[in-house]
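Trainee: Could you walk me through how to read a ligand shell?
Mentor: Gladly; let us look at it together.

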Amino acid sequence: MSKAKTPKKTTSTDAASITADTAGTGDFAFDKDALFVGIDLGTSRTSIATSTGVREVVPTYVGYPKDAIGHELLGTEPLFGELALKHRLSVDLVRPLAHGVIQEESKGGKNRNLTAAQELVRHLLGKAKAQPGQPVYGVIGAPARASIASKRILIDAARGILDAVMVVSEPFSVAYGLSILDRALVIDIGAGTTDLCRLHGTLPEEEDQITLDTAGDHVDQTMEKLIRKAYPKAQFTINMIRDLKERYGFVSDTADRVLVKFPVEGKPTEFDVTDMLREACQSIVGPMAEATAKLVATYDPEFQEDIRSRIILAGGGSQMTGLSKLIEAAMVEYGGAKVRRVEEPVYAGANGALKMAQRMPQHFWKVLS
Ligand SMILES: Nc1ncnc2c1ncn2[C@@H]1O[C@H](COP(=O)(O)OP(=O)(O)O)[C@@H](O)[C@H]1O
Ligand SMILES: [Mg+2]
């Protein structure tokens, strides 16, 4: 890392006045020689996209080998993503954004979550291969709750890794990536939270966003409960349930039956989980429709219709088949809506953050020293 060119130092709140026009046109990057990165720091998955064309995604987990045996087996360096999960029994597993924010908890004066988030981002940036001395400018898209509540923590996390940073809410970076900046609503369905964000030609403020706790994890927990109730003898874990959901997740009434094998007293046995899967997937739709209606209703009445007709789903949870239709149906009682899904749910956030990094004029950046 090296020193960035020295734009005027600002606080990140200065960025609040960005308009759709300045954001949408031209190339405003203030340092053409820099490496630009977009980072989607999610609760369950972190992805980056860089101006050099690198794209990487890892589960948001960092594992620290626990003891002498762990060190012998795995070395002393932290493990990231899949590798950390694979060795979860030999490492202290840290999920830095467990509740949609980097927890302020500190242990012996050190914030383990903050350190883990930094190490994870550093690990991913390592793959971007910045030239020696090349400044690195990054836009971090974080869960809406994190970007409102702990922007400062995220900026601290970037210190020593990036030369300049902007923190934006993830649904906003998704919208920016699609060049949708005005009169639209993005619903980002992650693991821990569903973040809704209203776009109206400026950076979103607190009143433009709603965070719900009904998201992917909630679907898994609901499904687990329903299957345990229906089939008390079946043996399974929440991880098996999540896999099932990701493979078959759907919310429509007319899908094929979903038959799965779970052991019963050790013997693989077939179960029909169609109804439980559907009910669990559907359980997040009601709160989403209600929150959508609220963001529409509190908007300028002349433009409410426009927002309704541009609702965009993003995030891993948006991949459940039939979800758009179901939200449209649930919105009928609130006046209707048109819902579609982004094409690349996994990279939409990182792509948007990268695009923003490449275009933001210098005074939007927080330069780190
Ligand atoms: N194909 C799929 N169908 C349904 N849900 C999925 C699918 N793939 C991933 N998910 C779910 O999406 C959630 C993670 O979404 P993601 O956008 O990666 O989260 P985050 O922003 O919280 O890191 C998890 O609950 C995961 O199980
Ligand atoms: Mg996300």
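Trainee: Which helix gives the most to the shell around ligand 1?
Mentor: Helices are DSSP runs (H or I, at least four residues), numbered from the N terminus. Here helix α9 (residues 238–248) leads with three residues. This is a predicted model, where local features need pLDDT of at least 70, side-chain atom pairs count only at pLDDT 80 or more, and totals for chains, interfaces and linings use all residues. Residues are numbered from 1 along each chain as written, chains are lettered from A and ligands numbered from 1 in written order, and side-chain values use heavy atoms, without hydrogens and water.

Trainee: How many residues surround ligand 1?
Mentor: A residue is near if one of its heavy atoms lies within 4 Å. For ligand 1 there are 16, and the closest include Ser-44, Arg-45 and Lys-245.

Trainee: Which polar contacts does ligand 1 make?
Mentor: Look for N or O atom pairs within 3.5 Å. An oxygen of ligand 1 is 2.5 Å from a side-chain N or O atom of Glu-246, and a nitrogen of ligand 1 lies 3.3 Å from a polar side-chain atom of Gln-319. An oxygen of ligand 1 is also 3.2 Å from a polar backbone atom of Thr-43.

Note on methods: Polar contact = N/O pair within 3.5 Å; in protein donor to acceptor, adjacent residues only side chain to side chain. Helix = DSSP H or I, 4+ residues; strand = E, 2+ residues; numbered from the N terminus.
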